[in-house]
Amino acid sequence: ALGQFQPSAAEAYFKEQQLPLTKYRGFTLFAYGSGVGPNDIFFFFLDSNTAAFGHRSVLEQLIEVRYGGEESLLRNDSLFPLINETNGRGLVWAVLDPIYARIGVTQLVPEAAQFPQANDLFNKIRALTVRVEADTGVDANFQAVCATPDEANVFAAMLQAGILYRRYQEDKRNPDLAKALEDVRVTPRGDRLDVRMSVTEETLMALLRRATFAVQM
């Protein structure tokens with residue numbers, strides 16, 4: 001996150017409120033939760049204009065990069081070109097590595113994971129890029145980087161079938177979501193699978209009113 005921060009003021013506040021924090025190589029890591037759970041999220045300030053957040057182990061790796069103890073992302077031949085390609089091309093953008101790409105695709109279209117060949121295909125996804133633009137509505141673009149053009153084609157057919165099945169499921173219980181899914185476009189482009197979705201402001205508000213995006217506990 002980029003902005004204008006006051007690290008010393010944040011640390012003073014955490015100490016005053018007796019909130020959990022920890023030190024690592026001179027940096028102060030602030031905990032969102034208890035600070036002891038394996039899935040707790042921390043954040044810290046690289047400087048007064050840059051903050052980073054994530055699991056503690058990942059943040060410690062990030063700090064180690066600055067000290068030469070871990071390999072820099074600049075040397076990652078798989079992800080860094082995708083970051084250059086995606087950076088700045090959306091209000092929200094992200095590049096996910098293979099592990100998080102598989103998680104992202106499964107969450108995007110969970111029905112696709114039910115196909116017999118899905119697990120093997122998901123394990124071969126090399127990355128996933130995400131770009132989101134928002135004006136009066138939302139335009140989202142997802143690109144899965146596959147191992148081969150043939151796998152991108154199979155992946156496209158599987159996702160299209162999954163989306164069609166989801167539309168059928170939601171037609172009665174959530175017609176606004178069914179309408180949004182109707183406008184999803186899945187297109188294989190070489191070794192990539194391009195997924196585009198546009199949602200009008202009216203449809204987006206209707207989906208929010210139905211708590212469509214709420215996490216099921």
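A nonpolar surface patch, as I use the term here, is made of residues with over 30% relative accessible area and no salt bridge, their side chains joined within 5 Å. The model I consulted is a predicted one.

**Entry 1. Nonpolar patch**

I looked up which residues make the nonpolar surface patch of about 340 Å². Y32, I41 and F53 make it. I then located two of these members. I41 belongs to strand β3, which covers residues 41-47, and I41 is partly exposed, with a relative accessible area of 30%. Y32 is exposed, and its relative accessible area is 56%.

**Entry 2. Aromatic pairs**

I next turned to the rings. How many aromatic pairs does the model hold? The count comes to 9. One of them joins F14 and F43, and I recorded the geometry as edge-to-face, with 6.2 Å centre to centre and 75 degrees between the planes. The label edge-to-face applies because the planes are over 60 degrees apart. F14 is in helix α1 (residues 7-16) and F43 in strand β3, so this pair ties together parts that are 29 residues apart in sequence.

I checked whether these two rings are buried or exposed. F14 counts as buried at 11% relative accessibility, and F43 counts as buried at 16%. Both assignments follow because buried means under 20% relative accessible area.

F43 also pairs with Y32. I noted this pair as tilted, at 5.4 Å centre to centre and 45 degrees between the planes. Y32 lies in the loop between β2 (27-31) and β3, while F43 is in strand β3, so the pair ties together parts that are 11 residues apart in sequence. Here an exposed residue, Y32, is paired with a buried one, F43. Y32 thus appears in my notes both as a member of the nonpolar patch and as a partner of F43.

I then asked which residues the ring pairs link into a cluster. The members are F5, F14, F30, Y32, F43 and F45.

**Entry 3. A charge over a ring**

I looked up where R25 lies relative to Y67. R25 lies over the face of the Y67 ring, 4.3 Å from the ring centre.

**Entry 4. Y13**

I closed with Y13, which is found in helix α1. Y13 counts as partly exposed at 46% relative accessibility. That class applies because the value lies between the limits for buried, under 20%, and exposed, over 50%. I also recorded the separation of Y13 from R196, which lies 183 residues apart from Y13 along the chain. Their C-alpha atoms are separated by 43 Å.

Technical notes:
Residues are numbered from 1 along each chain as its sequence is written. This is a predicted model: local features need pLDDT of at least 70, side-chain atom pairs count only at pLDDT 80 or more; totals for chains, interfaces and linings use all residues. Side-chain values use heavy atoms; hydrogens and water are left out. Patches are made of residues with over 30% relative accessible area and no salt bridge: like charges are joined within 9 Å, nonpolar side chains (Val, Leu, Ile, Met, Phe, Trp, Tyr) within 5 Å. Accessible areas come from the Shrake-Rupley method with a 1.4 Å probe; for residues, only the protein chains shown count as cover. A salt bridge is a side-chain nitrogen of Lys or Arg within 4 Å of a carboxyl oxygen of Asp or Glu. Helices (H or I, at least four residues) and strands (E, at least two) are DSSP runs, numbered from the N terminus. Buried means under 20% relative accessible area, exposed over 50%, partly exposed in between (1.4 Å probe, protein chains only). Rings of Phe, Tyr and Trp (its six-membered ring) pair if their centres lie within 6.5 Å; planes under 30 degrees apart count as stacked, over 60 as edge-to-face and the rest as tilted. A charge sits over a ring if NZ of Lys or CZ of Arg is within 6 Å of the ring centre and within 35 degrees of the ring normal.
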